[in-house]
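User: I have a model open and would like to talk through it before setting anything up. Could you take me through it piece by piece?

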Amino acid sequence: MTQSVVDFDIEFRNVVKTFGSVRAVNGISFQIPKGSFYSFLGPSGCGKTSSLRLIGGFEQPDGGEIYIAGESVAQIPSYQRHVNMVFQYYALFPHMNVARNVGYGLRQQRPKLLPDEIDKRVKDALALVRLSGYENRRSWELSGGQQQRVALARALINKPTVLLLDEPLAALDRKLRKDMQIELKTLQREVGITFVFVTHDQEEALSMSDRIAVMRDGKIVQEGSPTELYNHPVDRYVAGFIGQSNFIPGEVVEVGERVTVRTPLGVMLSAPGSKDAKPLVEKAKAVVAVRPERIGLWREGEAGGQSGFKGRVSQVTFLGDQTEYHVETEEVGHLLVKLSSGNAGFGGGDSVVAYWNQTAGLALLDD
Amino acid sequence: MGANDYMRDPISSLLKNYATLLYIFLYAPIALVVLFSFNSGNYAADLQGFSFRWYGETWRDPFVLEAFGNSIFIATTSATLATIFGTLAALALQNVRGWLRTVYDSLIYIAIIIPGIVIGIATLIFFVQFFGWLNPILQNLFGPTAPRLNLGMPTIIAAHALFTMSIVLVIVRSRIAGMDRSLIEASSDLYATPFNTFWQVTLPQLFPAIMAGFLLAFTFSFDDFIVAFFVAGPNTTLPIYVFSSIRRGVTPKINTIATVTLIVSLSFLFITQNLLTRSNARARTPDKE
Ligand SMILES: Nc1ncnc2c1ncn2[C@@H]1O[C@H](COP(=O)(O)OP(=O)(O)O)[C@@H](O)[C@H]1O
Ligand SMILES: [Mg+2]
């Protein structure tokens, strides 16, 4: 038991944080393994920042316990917690140059560090974020990307147990954001520090994280690795948030090895339930979720023995390697289909048959 | 509609002329004072030629010098006191919320808009009453050699510090309100104790506003006639000197004093403005989501 506690850098047990009548964090529990890249993912207002601020010590929980490196931090103020934060808008000190910003944490140490030691570590930290030679710049002279790297260096120089990052990429433009995603991930591997990352961008979370906690209304809906979340979402919310999905609503009529769902038009669809979700029961409102890339298209008449849903291509979007087809079917409504561009060749207005393997869909609780 | 249509529009051309007139009306007297301070003639209103003669005369006048010295001393001391107490009050008010905050805020603004004459009379009455009560006690305690408290420089300083304090408070408080809270959190995040955060982040962030408050308080005290007139006792400040010598007729010296005062005040206001806009621009936080 003691062993397992120390394997986690952060642990929340039933933590609650309220602001007036708003339950920003509504009883969440999770454990963040040492050295991992852990993300909180969810739409704006779901409590991600509040969770992070609870770890940093900028908010005090109204209930539950928080452990950092196995120790309860209930009585420990933010300046004594060995975690550091990269603030959403960086919060660089405007009255200090880059070097003094980066060395700020080291200058607070008692007994005092030698100035030479601080200078050397500042230099190293700036080299780590590829900003050597920027020591004497003022923060407002730097671009957004550079400011962010200063903020990173300022946090990492203290070798914290955990680095907290609150939507650090949101303020950057798209191209820079992509570069920084890779850079952050590389940096995390290099320094081996646990990163706790907050984002509302699922793509960002999927591409960088070892584990993701999907949040909604102050609660964690599902927690797992990116592939687990993608392949086994527990409900419609997660399936819709992680990647794209077609949702075909209906009612559960039979639960066996597969779940059978009847749509309002009487179409029977069969799909496995999600292995991480609570089992569905008969008569429950459910959706069959099908990823757009798991659906195949045939030209009408060429489908051979396959049975599928007849429809008409209403829109074609070329994405480069892939092509997106919007297909209007009579039986299951609108479908989004993604095919690799090589086997494409359908045009708007074409009559097609959409087909997916019964194991390609997922029967999920609708909410 | 081109620029010409605009020019021919009778209402806007009327307004334009009106604005020109208004500025002439406002600034012509001041320009005249400055102009006449360089007069080489013997009379204030009789322009003879250009010279610095009267600046020299003024500078050698012991009464002017004494009044000037008093004014500088009073302005510096009262502005320093006002800055210290105003800043402390602004910091303390940070933690006051709700209706109490509204009450405090209103009281501060009322203190600023109360006419000088009311402050003058009120402080005069207060000092007279206070000294009338305190002096007998001091006599009883220390006998006839006890110091007698009276109106004079300290009372001017006290009165000025009192009414300029609210100016400092308002300036510093608006800076605190505009300050990025995340800077303080960042400092705490980086292991600075609350005390160190105050010295290393809060105070430097507020410094331009504190300086601006000091300069404004200085200017107000330096220019003030009304309040000083009530509580000055036997002491003379520059505005009081000007007032009393005008009763003997406007001399060219008055013009030079006015010009110097004008330059000091304007440059202080200019620096203040600069301090505030520059620091605000740097401290600006990007819009949150
Ligand atoms: N300091 C605060 N005062 C009042 N309400 C707050 C405060 N901080 C957050 N909230 C509320 O708590 C909820 C969660 O906020 P937040 O944690 O910032 O969400 P996220 O970071 O996921 O967008 C929101 O409804 C927000 O309005
Ligand atoms: Mg947030």
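Analyst: Keeping in mind that this is a predicted model, a good place to begin is Gly57(A), which comes after helix α2(A) and has a positive phi, near 90°.

User: And the helix just before that glycine, α2 of chain A, is it enclosed or open, and why?

Analyst: Helix α2 of chain A, residues 48–56, is largely enclosed by the rest of the structure, because eight of its nine residues are buried, where buried means under 20% relative accessible area.

User: Which residues of α2(A) are the buried ones?

Analyst: They are Lys48(A), Ser50(A), Ser51(A), Leu52(A), Arg53(A), Leu54(A), Ile55(A) and Gly56(A), so that the list for α2(A) includes a lysine and an arginine as well as leucines.

User: OK, switching to strands. What is the strand order in the open five-stranded sheet?

Analyst: In chain A the order is β15-β19-β16-β17-β18, and the pairing in this open sheet is antiparallel. The edges are formed by β15 (296–299) and β18 (333–340) of chain A, each of which pairs on one side only. On average, neighbouring strands of the sheet are turned by 45° against each other, if direction is ignored.

User: How many bridges join β17 to β18 in chain A?

Analyst: There are eight bridges between β17 of chain A, which covers residues 322–329, and β18(A), and the two strands run antiparallel. Together β17(A) and β18(A) make a hairpin, with three residues between them.

User: Which residue in β18(A) stands opposite Glu324(A), and what is the bridge partner of His326(A)?

Analyst: Glu324(A) faces Lys338(A) across the pair, while His326(A) has Leu336(A) as its bridge partner in β18(A).

User: Zooming out, what does chain A contain overall, and what does it span?

Analyst: Chain A has ten helices and 20 strands, and its C-alpha trace spans about 80 × 45 × 40 Å along the principal axes. Of its 367 residues, 51% count as buried. Among the contacts in chain A with a separation of 6 or more, 66% are between residues 24 or more positions apart.

User: What about surface and charge?

Analyst: The accessible surface of chain A is about 16800 Å², and carbon and sulfur atoms account for 49% of that area. As for charge, chain A carries 42 positive and 43 negative charges, and the mean positions of these two sets are 6 Å apart.

Conventions
Residues numbered from 1 in each chain as written. Chains lettered and ligands numbered in written order. Predicted model: local features only at pLDDT ≥ 70, side-chain atom pairs only at ≥ 80, totals over all residues. Heavy atoms only, no water. Helix = DSSP H or I, 4+ residues; strand = E, 2+ residues; numbered from the N terminus. Buried < 20%, exposed > 50% of the residue type's maximum accessible area, 1.4 Å probe, protein only. Contact = heavy atoms within 4.5 Å. Areas by Shrake-Rupley, 256 points an atom, 1.4 Å probe, with all protein chains shown as cover. Lys, Arg positive; Asp, Glu negative; His and termini not counted. Charge placed at Lys NZ, Arg CZ, Asp CG, Glu CD. Pairing = 2+ DSSP bridges. Axes fitted to C-alpha atoms, helices over the stretch in contact; angles between N-to-C directions.
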